[in-house]
Amino acid sequence: MKLAALIPSVGIGLFCASQAAIGMEAITHCTLGSDGRHTLALLRDHPIDSTAVYYLSKDGATPVRLYPGDEDQSRGDEVQATCVGSRERAFVLSGEFASDFLQGIAVRFNTMANRWERIDFAERTRPASVYFGSNGLAVLIPNTGRNESPERYIIYRYDARAGRAEQTYSNRPPKLRATRIPEYKVQPGNKQ
Amino acid sequence: MSATHKVIKKQTAKLTPKSDTTPVTVHVDDSARLREVRRLVRANNRSTLDENLVICQIYMESRFDSNAAPGGSTAKGLMQMTKGAVQQVYKYRAQRALGHMPSDAQTHLVFAEAATVHASPQLIDDATNIQLGTEYMQYWIDKAHSVDGAYKLYRGLSNGIYYQKIKACADMLRADPDSMQLLRDMVK
């Protein structure tokens, strides 16, 4: 597996009591699109213990909760977020939210197709790689073997027609060049 | 010149017999663990879910291994309960007891209590794990108003594959309650 340039990452998991009074806290942002003309910002609010409610803001728009539904759906713990890629970047976030599985998203702005591509995933392990395909973004997650399938990899591929990602299992990784997602460091406040 | 040979010692030990390499089928009763899990589920199910469905869920989650612990996640025990799931159970208990959503201060207290339980050996006790896991499923059933919807929220995916698999397994397990093969087939 070829490694693309790794971008320093940011991890979020520490309770910050002072933020409760201040309001929404900007955690990090990524410059997206092959022309670098789009931004995605991660914010959080309403901390309780090591959890907080997470939001995304595209191109400076009003932040929206990470997941639809009530606030509890977007309350996360053990959250890690990073921007990966060299010629083009993707934003990848994973953590423990409402589901009993590690949930997360990978977001890219596909400049060629002029669209945002968001992949929602939920598995027992965090994603290992992303793939910048011209048809859409893909995310690879190693399979723990205790799952719905014994195959080695769980692959989420963005489906442009459906406007969302499809989950598949495979013993082979995608044939595209992999961009590895690094281990995240806990460095709240980093800008990328 | 003729040589004389003196016999020092005669070999009296029996020759090693020729190995018998014929394959033999060894029957292992792996349904004993299934029967044990079924007893545990009957005694500790705190949800409206059918016991066969819970058994299939447990096999899907941990393959009946109480010590299953995937790296990078806080999931523990037979039902692979994460810290967040245990905290949600405690928060839901508080919500039902109060009759409304707990305040931030109350949530902080129950979250801390749940985190302590999650970090303790209690969580890998099979009975406790099933109690918490099924209580967590009941939270999702109450929220989604359907078992199918509950499992989508539990799994964090809307494709419904998780529930399809455990439901098909449960339907067959009801007719053949000691069959481990049905469980193995579910995850092929």
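For helix pairs I take each axis as a line fitted to C-alpha atoms over the stretch in contact, with angles running from 0 to 180 degrees between N-to-C directions. The model I am reading is predicted.

**Entry 1. Helix crossings in chain B**

I started with helix α3 (residues 83-98) and helix α5 (residues 126-144) of chain B. Their axes come within 9 Å and cross at roughly 65°. Angles of 65 to 115 degrees count as roughly perpendicular, and α3(B) and α5(B) are therefore put down as roughly perpendicular to each other. I noted the hand of the α3(B) and α5(B) crossing as left-handed. From α3(B) the contact takes B:A85, B:V86, B:Q88, B:V89 and B:Y92, and from α5(B) it takes B:L132, B:E135, B:Y136 and B:Y139.

Next I looked up helix α1 (residues 31-44) of chain B against α5(B). The axes of this pair come within 9 Å and cross at roughly 55°, which makes α1(B) oblique to α5(B). The crossing of α1(B) and α5(B) is right-handed. On the α1(B) side I listed B:L40, B:V41, B:A43 and B:N44; they meet B:D126, B:A127, B:I130 and B:Q131 in α5(B).

**Entry 2. Chain B as a whole**

I counted eight helices and zero strands in chain B. Its pattern along the sequence reads α-α-α-α-α-α-α-α. The radius of gyration of chain B is 27 Å, well over the 16 Å from the globule rule for 188 residues, so I record the chain as more spread out than a compact globule. I also took the spans of its C-alpha trace along the principal axes, which are about 115 × 40 × 30 Å. Of the 188 residues in chain B, 38% count as buried. Among its contacts between residues at least 6 apart in sequence, 57% join residues at least 24 apart.

I then checked B:K188, in the segment after α8 (180-186) of chain B. Is B:K188 buried or exposed? It has 7 C-beta neighbours inside 10 Å and therefore counts as exposed. From B:K188 to B:P121 I read 31 Å, C-alpha to C-alpha, for 67 residues of sequence separation.

**Entry 3. Where chain B touches chain A**

I found 34 residues of chain B in contact with 21 residues of chain A. On the chain B side, the elements giving two or more residues are α2 (51-62), α3, α4 (104-119), α6 (147-155) and α7 (161-175). Which of the helices gives the largest share of that side? The largest share is five residues, and it comes from α4(B).

**Entry 4. The five-stranded sheet in chain A**

I traced an open sheet of five strands in chain A, in the order β13-β12-β11-β10-β14 and with antiparallel pairing. At its edges are β13 (164-170) and β14 (179-180), each paired on one side only.

I followed β11(A) in both directions. Strand β11 (residues 137-142) runs antiparallel to strand β12 (residues 153-159) of chain A, and five bridges join them. Towards β12(A), A:L140 has A:I155 as its bridge partner. Towards strand β10 (residues 129-132) of chain A there are four bridges, again antiparallel, with A:S129 opposite A:L140. A:L140 thus has a partner in β12(A) and another in β10(A). The hairpin of β10(A) and β11(A) has four residues between the strands, and A:G136 in its turn has a positive phi of about 160°. As for cover, five of the six residues of β11(A) are buried.

**Entry 5. Strand β4 of chain A**

I looked at the burial of strand β4 (residues 51-58) of chain A. Six of its eight residues are buried, so the strand is largely enclosed by the rest of the structure.

Then I went through the pairings of β4(A):

- With strand β3 (residues 38-48) of chain A, I counted seven bridges in the antiparallel sense. A:L43 has A:Y55 as its bridge partner. Two residues separate the strands of this hairpin, and A:D49 takes a positive phi near 50°.
- With strand β5 (residues 64-65) of chain A, the pairing is antiparallel over two bridges. A:Y55 stands opposite A:R65. Five residues lie between the strands of this hairpin, where A:D59 in the turn has a positive phi of about 50°.
- With strand β6 (residues 75-84) of chain A, two bridges join the strands, which run antiparallel. A:V53 stands opposite A:R75.

I close on A:Y55, which is partnered with A:L43 of β3(A) and with A:R65 of β5(A).

Key
Residues are numbered from 1 along each chain as its sequence is written. Chains are lettered from A and ligands numbered from 1 in the order in which they are written. This is a predicted model: local features need pLDDT of at least 70, side-chain atom pairs count only at pLDDT 80 or more; totals for chains, interfaces and linings use all residues. Two strands pair if DSSP finds at least two bridges between them. The radius of gyration is taken over C-alpha atoms; the globule rule is 2.2 Å times the number of residues to the power 0.38. A residue is buried if 20 or more other C-beta atoms lie within 10 Å of its own, exposed if 12 or fewer, and partly exposed in between; C-beta atoms are placed from the backbone. Two residues are in contact if their C-beta atoms, placed from the backbone, lie within 7 Å. Angles under 35 degrees count as roughly parallel, over 145 as roughly antiparallel, 65 to 115 as roughly perpendicular and the rest as oblique. A crossing is left-handed if the near helix is turned anticlockwise from the far one by less than a right angle, and right-handed if clockwise.
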